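The following exercises concern charge pairing and empty space in a protein model. Please work through each task with the structure at hand before reading its solution.

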Amino acid sequence: KWQKICFYCGSKSTIKNGHKSGKQLYKCKSCGKQFIGGVRIDNERLKREYIEGKQTLFQLSARYSVDKSTIWRRLKSMRYVRVISKHKDVVINMDTTYWGRGFGLMVMKDAFRNKILWYKFVRNETIADYLEGITWLRDNNFKIHGIVCDGMRGLFYELRQYRVQMCQFHQMMIVRRYLTLKPELPAAIELLEISNMIARTDKNSFIRMLDGWSDRWKDFLKERSVDKKTGRTSYTHKRLRSAFLSLKRNMVWLWTCQDCPELHIPNTNNALEGVFTDIKTKLRIHSGITKQRRIALIQEYIARHY
């Protein structure tokens with residue numbers, strides 16, 4: 001007796017009679033339904049196993065005893081539907097993440113709801129792409145009360161009509177990039193400690209700490225060195241100056257969350273970083289897939305979860 005898995009209830013069945021087409025006809029002992037032997041693939045179940053069950057094409061082809069090209073041909077039926085959110089009053093997080101060079105995902109997310117409002121696949125992060133997303137939101141009747149973003153040069157000016165909060169974590173990373181995590185100069189050590197306090201203090205306290213640091217080290221910051229070859233002078237502590245000036249330049253946008261407490265604007269983009277981590281974790285299972293397949297997987301995953 002040959003055994004086959006029932007397509008209806010999943011239990012084992014035995015051969016009953018021959019079919020007029022020459023194929024074997026099975027009858028399930030449990031549910032009593034008859035079916036023709038062979039491989040039957042439920043496309044919806046296949047998509048769920050591929051996206052949610054973390055099954056690779058190789059694993060699915062082995063499970064269903066078909067070629068990998070057959071599995072992907074079935075997966076091509078993935079047709080995501082972008083549903084426009086019904087909540088029109090929003091505060092948005094926006095940022096871009098990358099997979100290697102030349103392939104990135106730009107996202108605008110509702111800061112208070114687990115909903116991606118707009119996204120675009122990009123080669124590079126540009127102001128024009130962000131403005132395209134803002135325009136799309138306006139055209140679809142969204143009222144933007146606040147924006148949380150990183151410190152991309154020129155972006156704040158283009159968004160000057162909105163209340164913009166610079167991600168405080170991004171600012172901390174900018175200072176760390178200039179000073180490193182273990183600076184040697186006493187002035188750099190102090191400035192790094194002050195920058196690490198951004199998310200744990202209020203606006204006035206932070207400004208007092210930064211102004212106090214500036215008064216103590218203003219002569220140190222003005223020190224210049226002479227290039228022996230050209231005879232030209234330049235600032236001796238360039239990276240320290242850059243870190244300090246970055247804090248001073250972005251101060252206007254670092255505290256919008258406290259200047260407008262009624263809007264409850266987040267002080268960081270951590271919620272959006274969590275979304276990026278979730279998507280990348282799913283894609284890591286399917287490493288090595290082509291760019292077009294990666295795009296299809298991301299779109300389907302966003303449609304199902306966000």
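**Exercise 1.** In this predicted model, determine how far apart the closest N and O atoms of Arg113 and Asp110 are, and classify each residue as buried, partly exposed or exposed.

*Solution.*
Step 1. The closest N and O atoms of Arg113 and Asp110 are 2.7 Å apart. A salt bridge requires such a pair within 4 Å, so Arg113 and Asp110 form a salt bridge.
Step 2. The relative accessible area of Asp110 is 0%, and the residue is therefore buried.
Step 3. Arg113 has a relative accessible area of 29%. Because this value lies between the limits of 20% and 50%, Arg113 is partly exposed.

**Exercise 2.** Describe the pairing of Glu49 with Arg45 and state where the two residues lie in helix H1.

*Solution.*
Step 1. A salt bridge joins the side chains of Glu49 and Arg45, with an N to O distance of 3.3 Å.
Step 2. Both residues belong to helix H1, which spans residues 43-51. They are four residues apart, which means a separation of about one helical turn.
Step 3. Glu49 is buried at a relative accessible area of 10%, whereas Arg45, at 39%, is partly exposed.
Step 4. In general, side chains of opposite charge can pair when their charged atoms come close.

**Exercise 3.** Identify the network to which Lys120 and Asp129 belong, and state how many salt bridges a search of the whole structure finds.

*Solution.*
Step 1. The side chains of Lys120 and Asp129 form a salt bridge of 2.8 Å, N to O.
Step 2. Lys120 is partly exposed, its relative accessible area being 24%. Asp129 counts as buried, with a relative accessibility of 12%.
Step 3. Through salt bridges that share partners, Lys120, Asp129 and Glu132 are joined into one network.
Step 4. The search of the whole structure finds eight salt bridges.

**Exercise 4.** Characterise the second largest pocket by its volume, its lining residues and the elements that supply them.

*Solution.*
Step 1. The volume of the second largest pocket is about 340 Å³.
Step 2. Its lining consists of 16 residues, and those nearest the centre are Gly151, Met152, Arg153, Arg249 and Asn250.
Step 3. Two or more lining residues come from each of helix H5 (155-158), helix H6 (168-179) and helix H9 (238-254). H9 gives the largest share, six residues.
Step 4. By residue class, the lining of this pocket comprises eight nonpolar, five polar and three charged residues.

**Exercise 5.** Which residues line the largest cavity, and which helices each supply at least two of them?

*Solution.*
Step 1. Rolling a probe the size of a water molecule over the atoms shows where empty space is left.
Step 2. One cavity of 30 Å³ or more is found in the whole structure. The largest cavity holds about 30 Å³ of space.
Step 3. The lining of the largest cavity is made up of Ile279, Lys282, Leu283, Leu297, Ile298 and Tyr301.
Step 4. At least two of the lining residues are supplied by helix H11 (270-285), and at least two by helix H12 (291-305).
Step 5. Five lining residues of the largest cavity are nonpolar, none is polar and one is charged.

**Exercise 6.** Summarise the protein chain as a whole: how many helices and strands does it contain, and what percentage of its residues count as buried?

*Solution.*
Step 1. The protein chain contains 12 helices and 11 strands.
Step 2. Of its 306 residues, 42% count as buried.
Step 3. The accessible surface of the protein chain is about 17700 Å², and carbon and sulfur atoms account for 49% of it.

Key:
Residues are numbered from 1 along each chain as its sequence is written. This is a predicted model: local features need pLDDT of at least 70, side-chain atom pairs count only at pLDDT 80 or more; totals for chains, interfaces and linings use all residues. Side-chain values use heavy atoms; hydrogens and water are left out. Buried means under 20% relative accessible area, exposed over 50%, partly exposed in between (1.4 Å probe, protein chains only). On a 1 Å grid over the protein atoms alone, a cavity is a set of points where a 1.4 Å probe fits but cannot get out, and a pocket is an open set with protein on both sides within 12 Å along at least five of seven lines; lining residues have an atom within 4 Å of a point. Grid points are joined across faces, edges and corners, and a volume is the space filled by probe spheres set on the points. Ala, Val, Leu, Ile, Met, Phe, Trp, Tyr, Cys and Pro count as nonpolar, Asp, Glu, Lys and Arg as charged, and the others, Gly among them, as polar. Accessible areas come from the Shrake-Rupley method with a 1.4 Å probe; for residues, only the protein chains shown count as cover.
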